[in-house]
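Trainee: I'd like a close look at one part of this model, the salt bridges. Could you walk me through them, one pair at a time?

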Amino acid sequence: MNALEELRNESYTNSLIYKDKTKKWHDARLKGNKEFEAGQKVLLYNSRTKLFPAKLRTRWSGPFKVKQVFPYGAIELFNEDGSNFKVNGHRLKHYEEGMPSEERMVESMDLEETDTT
């Protein structure tokens, strides 16, 4: 009976440690650097998708390039087609481009190449 109670307590403490580490990781990503510079790529939050929700529709559009940063959080963006527009900096987040990490990449294996003899 004591062994069962010890296992239960150990799993509880492990759960608390996992939740704490996950929270720290999430908070570090959430409170990231929100300062933008000219030439950076950003994603724009589309608030109109809240009015017409769809399960798999993304709420972020872009990427756009920062043309100019104004005081008090206003940012001018330009699109690939050459149009410029100003938005509030709170509606933006940094665009992370590049190759996906090796953990996310999945190896494919051709079934015809395997020898089952």
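Mentor: Happy to. A search of the whole structure turns up three salt bridges. Keep in mind as we go that this is a predicted model. The background idea is simple: side chains of opposite charge can pair when their charged atoms come close.

Let's start with arginine 8 and glutamate 5. Their side chains meet in a salt bridge, at 3.6 Å from N to O. That fits the cut-off, because a salt bridge here needs the nitrogen within 4 Å of a carboxyl oxygen. Both residues sit in helix α1, which covers residues 2-30, and they are three residues apart, about one turn of the helix. As for the surface, arginine 8 has 47% relative accessibility, so it counts as partly exposed. Glutamate 5 comes out at 39%, so this residue is partly exposed as well.

Next, move along to aspartate 20 and lysine 24. They form a salt bridge too, and here the closest N and O atoms are 3.7 Å apart. Again you are looking at helix α1: the two are four residues apart in it, so about one helical turn separates them. Aspartate 20 is partly exposed, with a relative accessible area of 39%. Lysine 24, on the other hand, is exposed, because its relative accessible area is 55% and the exposed class means over 50%.

That leaves aspartate 27 and lysine 23. The side chains of this pair meet at 2.7 Å, N to O, in a salt bridge. You'll recognise the spacing: both lie in helix α1, four residues apart, or about one turn of the helix. Aspartate 27 has a relative accessible area of 22%, which makes it partly exposed; the buried class means under 20%.

If you want something to set beside the helix, try strand β1, residues 41-45. Four of its five residues are buried, so the strand is largely enclosed by the rest of the structure. Strand β1 has partners to look at, too. Four bridges join β1 to strand β2 (residues 60-69), and the two run antiparallel; in that pairing, lysine 41 stands opposite lysine 65. Three bridges join β1 to strand β5 (residues 92-94), also antiparallel, with leucine 43 partnered by lysine 93.

So, back on your question, the pairs to click on in helix α1 are arginine 8 with glutamate 5, aspartate 20 with lysine 24, and aspartate 27 with lysine 23.

Notes. Residues numbered from 1 in each chain as written. Predicted model: local features only at pLDDT ≥ 70, side-chain atom pairs only at ≥ 80, totals over all residues. Heavy atoms only, no water. Buried < 20%, exposed > 50% of the residue type's maximum accessible area, 1.4 Å probe, protein only. Pairing = 2+ DSSP bridges.
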